[in-house]
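Good morning, colleagues. I should like to take you through one structure, beginning with a single residue and moving on to a sheet, the empty spaces and the aromatic pairs.

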Amino acid sequence: MTISSPTAYDVIPAAEFGLVQIGNVLPRILTNTNYLYMRHQPPLVSVIYLTAEDDTSDPVYRIPIVPSADGLRYTFRHTTEDSGGGSTVTYTVDEYDSGWNTIHTSAGQVIASGATDTYEHTATISDTATELRITIGSSGDDITPHGLLVYPDPASVPTGEQPSGFIAYDDGILGTANNPVTTEHVDRCRKSAVAVLRDRRQMVCSLVQDTGTARYDTGDFNAAATGVYRRIGSTEVWLPGGDCTVDVYAYGNVSSGAAGKVRLVQVTGDSVEIDLDGTVQTGTIDLVPDADGFARLDAYLQSPSGRTATLYALVAYWRPGD
C-alpha cells in the first residue's frame, strides 16, 4: 500500500464522471485529499510588529496561538531590518506548553548595513501549545524587526486517523482491478477535507508589540482620558462564507491594581471585551461581513485611573464553519 500526494490538484472534468468507472476516478479524488493535507497552509501567525526603530534591547514578542491538533511542522519566516552599520541577529522560538520550551534557535544571521533579512526555518508546534515567544537577539546592534509569518508545512502525509479527524488515502484495495467501492471511501473525501479545513485556524488580525520595551501604552494617552477607551488600531478582514464567530486572544497587564481592558469591535456590529491581567485571556465576537465579505474591526484600550495598561498582543482566529 502506498500513500501518495499529487504535485498539484488533479482537476477532474465533470464529463469524465459519466465515462469512467467510479473505482477509477475515486482514487484521484482521494489523492486530492492527501494533497489538501500537505498544501492547505493558512497563516497560524501573520504579524507586523509594533516595535521601536533602531532597537538594541533584544526584543521579545509573545503571540497567543491555536495550533493544529495534529502537532504539525510549520514554516517560520522572520523579517528584520538593520538600522545602519550592519548587524548580526539570532532568532529563538519558544512555545508555551505547560512551561516554555525552545523549538528553534538560529545561528547568527548577518545583515548588511541598511539591508532587510528574511530568515526561514521549520519547527514542530505541539498541539497543546498556547503561545509562541520570539526573541530577536542583536548583541547591541541597531535593528528594526518587521514581522513574522508562520504556516503549516507537513513533512509527509501521515498514516492512520489523525487527531484532527483526517484519514489519509492509500492505494490499497482501490488499487486493484475490479475493486469494490465502499461508502467509507466515498465519504472519506468529505470528512478528511472538512477535518483539515477546521483544524487549521487562520489568524485574521493582530496587534503585537515587544514585551520588554513596549512602544505604546496608556501612558501615551491624554491625562484627562482616565476611564475612557481610546482606539489603538483599525483593520479590515475578509471572511469567505458569511456570518461567523471569531476567537479573540489578548495578553497584557496593568502597572498595579485591577485588570485593564481591551475591546475589539466590529464597526456597527458586535464587540468583545477582554481583561489584561498578565495572562492570556480569550473571548469571542460574532462578525457579519458586508456584501463583499469584508468586516471592519477597531481595537480600543481602556485608560485606568492612576495606572498604566499595556497591551502586548491582540489576535483573532477564524475557521470555516464557526
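Let us begin with Ile48, an exposed residue whose relative accessible area is 71%. That value lies over the 50% cut-off, and Ile48 is therefore classed as exposed. Ile48 belongs to strand β1. In sequence, 214 residues separate Ile48 from Val262, and in space the two lie 19 Å apart, C-alpha to C-alpha.

I should state at this point that we are looking at a predicted model. The protein chain has 322 residues, of which 45% count as buried. Its secondary structure comprises 2 helices and 17 strands. The C-alpha trace spans about 80 × 45 × 35 Å along its principal axes.

I turn now to a sheet. Four strands, in the order β10-β17-β12-β15, make up an open sheet with antiparallel pairing. Which strands stand at the edges? They are β10, residues 202-208, and β15, residues 280-287; each has a single partner strand, so one side of each is left without a neighbour in the sheet. From one strand to the next, the twist averages 20°.

We can follow the pairing across this sheet. Strand β10 is joined to β17, residues 309-318, by 6 bridges, and the two run antiparallel. Here Met203 stands opposite Tyr317 in β17. Between β17 and β12 there are 8 bridges, again in the antiparallel sense, and Tyr251 faces Ala313 in β17. Strands β12 and β15 also pair in the antiparallel sense, over 8 bridges, with Val248 opposite Gly283 in β15.

How much of strand β12 is buried? Of the 11 residues in β12, which covers residues 244-254, 9 are buried, so this strand is largely enclosed by the rest of the structure.

The next topic is empty space. Rolling a probe the size of a water molecule over the atoms shows where such space is left. The largest pocket holds about 230 Å³. Its lining consists of 15 residues, and those closest to the centre of the pocket are Cys205, Ser206, Leu207, Ser234 and Thr235.

Which strand gives the most to that lining? The answer is β10, with 5 residues. This returns us to the sheet, where β10 is one of the edge strands. At least two lining residues come from each of β10, β11 (229-238) and β16 (294-302). In terms of residue class, the lining of the largest pocket has 9 nonpolar, 5 polar and 1 charged residues.

Enclosed space is a separate matter. The count gives 1 cavity of 30 Å³ or more. The volume of the largest cavity is about 40 Å³. Around the largest cavity stand Pro42, Leu44, Val66, Pro67, Ser68, Tyr74, Pro152, Asp199, Arg200 and Arg201. By class, this lining has 6 nonpolar, 1 polar and 3 charged residues. Among the charged residues that line the cavity are Asp199 and Arg200.

Finally, I come to the aromatic rings. A pair of such rings is described by the distance of the centres and the angle of the planes. The count for this model is 6 aromatic pairs. One of them is formed by Tyr49 and Tyr61, which are stacked, at 3.8 Å centre to centre with 10° between the planes. This pair links distant parts of the chain, 12 residues apart: Tyr49 sits in the loop between β1 (45-48) and β2 (60-64), while Tyr61 sits in strand β2. Are these two residues buried or exposed? Both Tyr49 and Tyr61 are buried.

A second pair consists of Tyr96 and Trp100. Their ring centres lie 5.1 Å apart and their planes are at 70°, so this pair is edge-to-face. The assignment follows because planes over 60 degrees apart count as edge-to-face. Tyr96 is partly exposed, with a relative accessible area of 31%. Trp100 is likewise partly exposed, with a relative accessible area of 27%.

To close, I return to two points. Strand β10 stands at an edge of the open sheet and gives the most to the lining of the largest pocket. Tyr49 and Tyr61 form a stacked pair and are both buried. Thank you for your attention.

Notes:
Residues numbered from 1 in each chain as written. Predicted model: local features only at pLDDT ≥ 70, side-chain atom pairs only at ≥ 80, totals over all residues. Heavy atoms only, no water. 1 Å grid on protein atoms, 1.4 Å probe; cavity = no way out; pocket = protein on both sides within 12 Å on 5 of 7 lines; lining within 4 Å. Points joined across faces, edges and corners; volume = space filled by probe spheres on them. Pairing = 2+ DSSP bridges. Axes fitted to C-alpha atoms, helices over the stretch in contact; angles between N-to-C directions. Phe/Tyr/Trp six-rings, centres within 6.5 Å; stacked < 30°, edge-to-face > 60°. Buried < 20%, exposed > 50% of the residue type's maximum accessible area, 1.4 Å probe, protein only.
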